[in-house]
Amino acid sequence: MKLTVWTYEGPPHVGAMRVATGMTGLHYVLHAPQGDTYADLLFTMIERRNHRPPVTYTTFQARDLGADTAYLFKDAAMAAYERFKPEAMIVGASCTAELIQDDPGGLSETLGLPIPAIPLELPSYQRKENFGADETFFQIVRHLAKPMEKTARVTANLIGPTGLGFRHRDDIVEVTGLLMDMGIEVNVVAPMPASPSEIAKMGQAHFNVLMYPETAETAARYMEREFGQPYTKVVPIGVGATRDFVAEVAKLAGVEPVLDDSRLRLPWYSASVDSTYLTGKRVFLFGDGTHVAACARIARDEMGFEVVGMGCYNREQARMLRSVAKEFGVEPLITDDYLEVERRIEELAPEMILGTQMERHIGKRLGIPCAVISAPVHVQDFPARYSPQMGIEGANVIFDTWVHPLVMGLEEHLLTMFREDFEFHDDAGASHHGHKAKLRDIGKTETVSAEPAQANTGPVEIVWLPAAEKELKKIPFFVRGKAKRNTETFASERGVQEISVDTLYEAKAHYAR
């Protein structure tokens, strides 16, 4: 654990909260100080949920630490049961409360509650949020689900969706549709939005669809071992992966593969004339391992991008992502330090970033377009509209999401090119605001500063001549930085101290070979 301005994952108890918030009829009693109640905002503000998470905090204060704090937990647990009457309860400690070692699990056993009270052992100083969600769901399944006779018709459990998950709500609908097209019914979807009584019926499904390995792989392996339920290995994000997923499910269920792709538009859109400027765009991917691996395949095989780098923040997926990176011929970046990610992006100078909310901010600072493909995300990535990432409609959504920042970048570049125009200059105002634009006198032109720009790139001091600097500004903003660095390197290697327009184009020709 370390202090940081930004973090990709919270502590493990936030993962447990994601599971509890996604479920119904489950309550989480969390031994925690007052300051740890901030997590409620993640769900009510960012995910826009219309109710608070089902969490009761003991909220001990500094003055309580001089006495026995165990009674605070017992009182909170009893009060939570009396007030909410849940079907089951999970109990644990936050990272701060872990230090006082009150053992919420042992204390809950002494209360004699008439419902299951499931203890959580989440090592806050060694593991993080995704582990917390995965371990919590596993413990719930281990305590509540039992071997059962299988359903008469072929059924499957969908496992992995949680509260605060990236498009989990809509992915459930899309994957359910894929199964229904093959005549396969869904037995239970868990953790979200299942209840403890529904968890108890998970053993009657024929197999499990592992939607998100980060939050349900441990439970999937447990049910395979204890209930004889195999689970899917393919995550259906992208056209190719969706086809592979359908084939895998059909084999597990013993049915014919069926995929209704009549709504699929990504292949044609990415090959159409309007999208030819996408081909060969250099992209860098970062996020959770599952989404990065899936999106790298889409980027290369379905959008025609060149993947120049990738990485993930969750070390549980590091081995898998290293294997994917080797296939793509790039060096993987496994880190939870956003500053390392920023340095790698600056080094690679991609034309687009596919990442998290963190990379969106990095992209803004570096002037590189970014599309969000993975949690952590902010409020704008919990849209009111139907917007899955999985399945056929997910592929369409991904195309729109990824193309949008590139199109906006192209529009910004065009506006920059025509900024001297009498109609499109900076004082003209936005066309949709309806106010009268101030026309610029086309006889007047802006003067370029006679003071040349300087760049110190080493032993040779580089100076940009005004005409070259003006020409540089005509290059699209999302590759301008790379063009500037290449030109300065070209000039420095040849001992050229003043960069003219000719030097700029000579450098361009050199690096285009």
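In this predicted model, the charged end of Lys85 is placed over the ring of Tyr81, at 5.3 Å from the ring centre. A second arrangement of this kind involves Arg300, whose charged end sits over the ring of Phe328, 4.1 Å from its centre.

Aromatic rings also pair with one another, and the count comes to 7 aromatic pairs. One of them joins Tyr222 and Phe227: the ring centres are 6.0 Å apart and the planes stand at 75 degrees, so the pair is edge-to-face, the class for planes over 60 degrees apart. Both partners can be placed with respect to the surface. Tyr222 has a relative accessibility of 11% and therefore counts as buried, the cut-off being under 20%. Phe227, with a relative accessible area of 8%, is buried as well.

Tyr269 and Phe399 form another edge-to-face pair, with 5.5 Å from centre to centre and 80 degrees between the planes. Tyr269 belongs to helix H10 (residues 266-271) and Phe399 to helix H15 (residues 391-417), so this pair ties together parts that lie 130 residues apart in sequence. The two residues differ in their exposure: Tyr269 is partly exposed, with a relative accessible area of 37%, whereas Phe399 is buried, at 6%. Elsewhere, ring pairs link Tyr8, Phe286 and Tyr313 into a cluster.

The next residue to consider is His27, which lies in strand S1 (residues 26-31). Its relative accessibility is 3%, so His27 counts as buried. The side chain of His27 is joined to that of Thr56 by a polar contact of 2.6 Å. Thr56 is also in the list of residues that His27 touches once those up to four places away in sequence are set aside. Pro54 and Val55 are in that list too, together with Ala80, Phe84, Pro86, Ala88, Met89 and Ile90.

The cysteines offer a further point of inspection. A disulfide is a covalent bond between the sulfur atoms of two cysteines. The structure holds 0 disulfides. Two cysteines may be described individually. Cys295 has a relative accessibility of 0% and so counts as buried. Cys370 is likewise buried, with a relative accessible area of 14%.

Cys370 is found in strand S12 (residues 370-372). With residues up to four places away in sequence left out, Cys370 touches Ile353, Gly355, Thr356, Glu359, Arg360 and Pro405. For Gly355, the separation from Cys370 is 15 residues along the sequence, while the C-alpha to C-alpha distance is 7.0 Å.

Finally, the confidence of the prediction should be kept in view. The protein chain has a mean pLDDT of 86, and 85% of its residues reach 70 or more. Over residues 432-437, however, the pLDDT is below 50, and this stretch has 4 contacts in the model beyond near neighbours in sequence. Residues 442-448 likewise have a pLDDT under 50, and for them the model has 5 contacts beyond four places in sequence.

Key. Residues numbered from 1 in each chain as written. Heavy atoms only, no water. Helix = DSSP H or I, 4+ residues; strand = E, 2+ residues; numbered from the N terminus. Buried < 20%, exposed > 50% of the residue type's maximum accessible area, 1.4 Å probe, protein only. Polar contact = N/O pair within 3.5 Å; in protein donor to acceptor, adjacent residues only side chain to side chain. Contact = heavy atoms within 4.5 Å. Phe/Tyr/Trp six-rings, centres within 6.5 Å; stacked < 30°, edge-to-face > 60°. Lys NZ or Arg CZ within 6 Å of the ring centre and 35° of its normal. Disulfide = S-S within 2.5 Å. pLDDT = per-residue confidence, 0-100.
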